[in-house]
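Student: Hi! I'm new to this one and would like to talk through its charged side chains. Can we look at it together?

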Amino acid sequence: MDSAESRLAVGVVGTGRVGSALGAALQRAGHHVVAASGVSEESRRRADKLLPDVPLVPPQDVLAVADLALLTVPDDALSGLVEGLVATGSIKPGTILAHTSGRHGYTVLDPATRAGALPLALHPAMTFAGTEVDVARLAGCSFGVTAPDPLRPIAEALVVEMGGEPEWIEEAARPLYHAALAYGSNYLVTLVAQAEDLLAAAGVRQPGRMLGPLLGAALDNALRSGDLALTGPVARGDAGTVAAHLEVLAERDPQAARGYRALGRLTADRAMASGQLSAEKAEPLLGVLNKEPDA
């Protein structure tokens, strides 16, 4: 897609955080975003910021003028959207239809494929804030890509043009791929927010400032060394310390205590499997972690 003739008319169905960012990235790459659709007022404001002067029209009108249509709607809405576009005769043969759902591969687009569309699944492994920063974050971002073999060059070229790096995911592996990303990124936010709450309860005035360097180093070490980066009382088998943690958490925040207990068991299993925690030390530790709290 290097020649002027290969520039595409791009349509964005769903101007949420992802759709607006990807549309802006394709526009920077030399393609032309010719139409978009957005339902909520927030989506419309975002489109006005990231896709200025792009007309907002109904989805079927987006498909009417697009060579490449990005379907950037929530996972659970994707199938219904595709069926609706097919039912209204909105699919033009030869249109590249790319969705950004992490959960789905390209077979969710089968009704449109039978109508002549060229199906792609392009999922950016990135969290989006809904601002111009999102476009910059696409530089070096991995995309989980699933496509029929003949369409792989098109999928790869689009990802590269947006600044990303394609990672090929088999159709059957899409749910596992998406679960892994959600496990890591979504629950990381929950853990950090919970840790901030507990530090604030302990009297720390700026929990984020205290956690930033620690969590940054932990993440870097984990990405570099995997389980060998494990530290702390569970990895060391300090059953007494873990028991003290669970006691105070049960008093202060029973939900946090349950989360600590579940993550402690998982951490202990991984520490044992990697040879960092001996069976001798694991036995009393697991006894503490598996003990049900008093009713």
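Tutor: Happy to! This is a predicted model, and the count of salt bridges in it comes to seven.

Student: Nice. Which residue forms a salt bridge with Asp227?

Tutor: That partner is Arg270, and the closest N and O atoms of the pair are 2.8 Å apart.

Student: And where do Asp227 and Arg270 lie?

Tutor: Asp227 is in the loop between helix 9 (207-225) and helix 10 (233-236), while Arg270 belongs to helix 12 (residues 254-273), so the salt bridge ties together parts that are 43 residues apart in sequence.

Student: Got it. Is Asp227 buried or exposed?

Tutor: In between: Asp227 counts as partly exposed, at 24% relative accessibility. Arg270 is partly exposed too, with a relative accessible area of 44%.

Student: Let's switch. What does Asp238 pair with?

Tutor: Asp238 forms a salt bridge with Arg236, with 2.9 Å between the closest N and O atoms. Asp238 has a relative accessible area of 26%, which makes it partly exposed, and Arg236 is partly exposed at 45%.

Student: One more pair, please. Which side chain meets Asp149?

Tutor: The side chain of Arg152 does, in a salt bridge with an N to O distance of 3.5 Å.

Student: Why does that distance qualify as a salt bridge?

Tutor: Because the cut-off is within 4 Å, and this pair is at 3.5 Å.

Student: And is Asp149 buried or exposed?

Tutor: Asp149 is exposed, with a relative accessible area of 58%, whereas Arg152 counts as partly exposed at 27%.

Key
Residues numbered from 1 in each chain as written. Predicted model: local features only at pLDDT ≥ 70, side-chain atom pairs only at ≥ 80, totals over all residues. Heavy atoms only, no water. Buried < 20%, exposed > 50% of the residue type's maximum accessible area, 1.4 Å probe, protein only. Helix = DSSP H or I, 4+ residues; strand = E, 2+ residues; numbered from the N terminus.
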